[in-house]
Amino acid sequence: MNWKWIIAALAILAASFLIQSDLLAYAMYTLLTIIVVSRFLTNRWVNALQAERSCSKLVANINDHVGVSLDLVNTGALPIPWVLLEDALPERALLYDPPSLDVQDSRVKLTMLKPNQNKRLQYSFICNRRGYYQLGPTILETGDLFGLHRRYQIAAAPQFLTVYPRIVPLEGYDLASRRPIGEIKMTHRLFEDPTRIAGVRAYQHGDPLNRIHWRATARTGQLHSKIYEASSVAGVTIMMEFRREAYPRDGEPFRSELAVTAATSIANAVQVMGQQIGFLTNGRDAADRIRLEGWDGEPVALETREAARAAAEIDEKNDRLQPVQIPTRRDSEQFRRIHETLARVELTDGLTFAQLVIEAQSRIPRDATVLAIIPGDNDQTTIALQNMARRGFAVSVMVNAFDPLDYARISSPLISAGIETYHLRDEESIVHVCRKQAVRL
């Protein structure tokens with residue numbers, strides 16, 4: 001309520017007594033009555049409003065349509081002359097062209113409600129990019145007919161939509177290949193590969209029958225056993241740079257989304273091949289941010305639109321200081337975990353990639369190829385990857401850059417350190433990189 005109106009009316013009423021103006025006093029009595037009654041009615045109206053949201057789906061893929069329905073109910077015994085409702089969406093979902101969530105209908109509705117009447121607002125949007133989005137809450141606004149009082153309510157607790165990143169399939173390549181992504185020779189024996197025979201030796205006590213080389217035994221008349229090549233089917237640990245400053249604004253959101261698509265596609269290919277897979281990033285899980293910093297209030301009446309919007313919005317600060325990691329393992333549910341994490345991961349202002357390597361290196365298995373996805377030229381990142389290679393890790397790097405000259409500049413010091421690099425230029429290059437990885441020994 002605007003107290004200036006009441007103070008001014010009381011001042012004029014006092015003046016009317018001094019000048020003995022009955023007409024002026026009557027006008028002030030009428031104005032004060034309208035102010036009090038309208039305030040009372042406005043509070044009754046806003047407290048009688050209830051809203052409930054339903055979504056057609058809360059898990060979607062890129063290009064899916066999602067429908068949202070908002071039911072607004074007047075639970076009071078008095079009619080409400082007008083209600084303005086708006087369903088809130090995060091600002092980042094509406095940025096860029098096209099926006100991440102392309103809203104097809106209006107999220108705002110102006111209506112009036114009779115006692116116990118229900119009104120519905122429906123709108124839909126197209127999911128253009130992966131992400132973890134907060135839908136709602138709903139901002140309700142009502143007030144008296146004279147415009148003296150406005151009240152706002154935050155209703156319909158938010159729901160959360162997960163849009164999964166795109167998976168680029170390896171078309172035309174047999175994913176059942178016996179040479180999986182990440183197969184590497186190790187300097188020390190982890191286990192022997194029975195599909196590759198390195199030679200023959202004399203039989204030793206305890207050799208199993210399936211190890212005996214029957215042709216050599218038949219030729220020599222003495223038992224001989226096969227020697228298998230010492231190798232490890234090791235799989236991949238994907239490390240993705242997702243620090244905000246590593247991605248120039250003029251390339252966003254394409255370059256960061258390309259990194260996510262590449263990581264998803266490679267993880268999917270490794271999983272289909274039955275190999276172990278892990279994921280590590282210095283980005284932040286949006287679910288953690290929203291759980292710690294998001295809207296957690298109950299429906300409440302507010303007096304200003306600014307206060308209502310502030311209560312409806314979630315905190316967009318993002319200073320992840322702990323890496324997001326899915327340990328490398330062979331598990332039927334592993335890709336699902338990685339897929340969900342990649343759907344929610346956000347750019348952060350926290351750890352640098354070099355700090356990520358130092359912090360998590362002890363938890364990365366040495367028998368897995370480390371595939372780093374990096375977007376730009378950074379001396380500390382280069383040094384960190386070179387040190388990993390010197391410590392015995394099998395390291396490969398995908399350079400996320402459009403210009404071939406940028407790729408050459410970034411990859412040169414890595415290649416000189418014996419690190420294999422790939423040019424991640426666009427989505428088409430993902431297939432090429434996966435195929436090269438899939439056939440390497």
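**Overall fold and unusual backbone geometry**

The chain contains eleven helices and 23 strands, as seen in a model that is predicted. Of its 441 residues, 51% are buried. Contacts also reach across the sequence: among those between residues at least 6 apart, 76% join residues at least 24 apart. The chain exposes about 21900 Å² in total, and carbon and sulfur atoms supply 54% of that area.

With this overview in hand, a few spots along the backbone invite a closer look. Most residues other than glycine have a negative phi, and most peptide bonds are trans. Two cis peptide bonds can be described here, each with a proline as its second residue. One joins Asp97 and Pro98, with omega at about 0 degrees; Pro98 sits in the loop between strand S4 (80-87) and strand S5 (101-103). Another joins Gly136 and Pro137, where omega is about 5 degrees. Pro137 belongs to the loop that runs between strand S8 (131-135) and strand S9 (138-143).

Positive phi values also turn up in residues other than glycine. Tyr96 has a phi near 70 degrees and lies in the loop between S4 and S5, the loop that also holds Pro98. Tyr96 is partly exposed, its relative accessible area being 44%. For Ala156, phi is near 55 degrees, again a positive value. Ala156 is placed in the loop between strand S10 (150-155) and strand S11 (159-164). Ala156 counts as buried because its relative accessible area is 9%, under the 20% cut-off.

Methods
Residues are numbered from 1 along each chain as its sequence is written. This is a predicted model: local features need pLDDT of at least 70, side-chain atom pairs count only at pLDDT 80 or more; totals for chains, interfaces and linings use all residues. Side-chain values use heavy atoms; hydrogens and water are left out. Helices (H or I, at least four residues) and strands (E, at least two) are DSSP runs, numbered from the N terminus. Buried means under 20% relative accessible area, exposed over 50%, partly exposed in between (1.4 Å probe, protein chains only). Contact means heavy atoms within 4.5 Å. Accessible areas come from the Shrake-Rupley method with a 1.4 Å probe; for residues, only the protein chains shown count as cover.
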